[in-house]
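Me: I have a protein model open and would like to go through it step by step. Can we start with the overall picture and then look at a few residues?

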Amino acid sequence: MGPRFAVFLAALANCLLPARCCIICDRLVVTALKSLERDYLPGHLDTKHHKTFMKRVLDAVKDFKDLPLDETSFMGAIDEDTLEQASWSFLKDLKRITDSDVKGELFVKELFWMLHLQKDTFANYAIQFQKEVYCPNKCGTMLQVLIWCNECEKQVHACRKSYDCGEHSVKVHEMEDIILDCHLNWHHASQGLADYSFYRVWGNNSETLVSKGKEPIMTKPLAGPDDAGNYRCELGTVNSGPATIIRYRVTECFAGARGRKPRVVAAAAVAAVEGKLLIRTKETKGKGKGKETREMLNRRMKKKKKAKHQRNQNKDLFLFFNFCLKNLTQTVPNF
């Protein structure tokens with residue numbers, strides 16, 4: 001391995017086009033390259049070529065970050081998961097080569113061909129990240145942690161879209177729960193989020209805070225006519241400004257609505273007026289509950305009638321006893 005080998009080594013390195021990755025930012029990759037120089041090269045490559053070889057390898061890996069910016073494939077930054085996937089692929093192939101115990105020119109060919117393939121592999125990872133992971137929010141502001149390849153620094157990137165995430169229509173029936181869901185699928189990946197605040201919005205544009213906390217879902221049990229109207233959810237951030245605003249229009253399906261079958265439901269008020277049973281019922285959906293309610297009211301009515309009948313019998317017996325006692329005292333003076 002003389003001058004011809006040195007020329008061959010330089011030619012292979014120069015054939016490596018800039019790749020779409022920054023795996024040199026991973027400390028495991030840096031450690032593996034140091035181990036390659038310290039532990040593997042001494043027994044597998046002529047000592048006089050060690051310095052030139054490692055310089056070419058390091059330059060090739062560092063050049064991965066030098067490429068034109070393209071919003072569809074690479075923007076100069078990736079997230080930690082993408083870096084981990086690319087680094088794992090690189091380390092796996094590097095270990096495969098060192099485990100093979102290949103030496104000399106064949107080792108050099110194997111290594112630089114591996115780097116060439118890893119560029120394509122990372123290009124796919126970068127494209128996937130750019131399309132599916134980079135700023136996935138369609139609305140609101142997402143604070144996404146990215147690794148910038150030029151400096152290998154983690155920074156928080158603000159993905160700013162319209163704060164307003166639209167209005168959702170929510171339909172409920174009387175006595176059902178109102179459930180307002182403010183969660184969006186990118187919330188779990190965003191940094192610096194605070195609390196979910198739910199407001200009731202009134203006609204004069206004033207608002208009343210209904211609930212506030214870490215839970216993205218607000219539940220209001222047993223909806224009534226007064227609960228219909230406009231609501232708003234705001235997800236705050238630790239710095240300033242909301243991350244997400246979602247509006248809700250809650251409408252209630254009242255009894256007797258077109259296309260619905262009336263039935264007796266869950267809010268029956270029973271009161272005794274002048275010895276008669278007054279039953280006021282509201283209508284809701286569902287045959288099962290209506291039947292159960294009617295049966296319950298019938299049982300109550302029968303029980304009331306039975307109790308009234310028993311009282312009347314007791315009253316008649318009491319009057320009869322008094323009548324007999326009065327007649328007895330009149331016919332028997334000394335009684």
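Reply: What follows is a short run through the whole chain and then two loop residues.

Me: Is this from an experiment or a prediction, and how many helices and strands are there?
Reply: The model is predicted. The protein has six helices and twelve strands.

Me: What share of the residues is buried?
Reply: Of the 335 residues in the protein, 35% are buried.

Me: And the surface, how much area is exposed, and what do carbon and sulfur supply?
Reply: The protein exposes about 21,200 Å². Carbon and sulfur atoms supply 54% of that area.

Me: Contacts next. Looking at those with a separation of 6 or more, what part comes from residues 24 or more positions apart?
Reply: Such pairs account for 65% of those contacts.

Me: OK, on to single residues. What is phi for Met175?
Reply: Phi of Met175 is near 75°, a positive value, and the residue is not a glycine.

Me: Where does Met175 sit?
Reply: Met175 is in the loop between β4 (164–173) and β5 (178–181).

Me: Why does Met175 count as partly exposed?
Reply: Because its relative accessibility is 34%, and partly exposed lies between the 20% and 50% cut-offs.

Me: What about phi of Asn205?
Reply: Asn205 has a positive phi of about 70°, and this residue is not a glycine either.

Me: Which loop is Asn205 in?
Reply: Asn205 lies in the loop between β6 (193–201) and β7 (207–213).

Me: Is Asn205 buried or exposed, and why?
Reply: Asn205 is exposed because its relative accessible area is 68%, and exposed means over 50%.

Terms used. Residues numbered from 1 in each chain as written. Predicted model: local features only at pLDDT ≥ 70, side-chain atom pairs only at ≥ 80, totals over all residues. Heavy atoms only, no water. Helix = DSSP H or I, 4+ residues; strand = E, 2+ residues; numbered from the N terminus. Buried < 20%, exposed > 50% of the residue type's maximum accessible area, 1.4 Å probe, protein only. Contact = heavy atoms within 4.5 Å. Areas by Shrake-Rupley, 256 points an atom, 1.4 Å probe, with all protein chains shown as cover.
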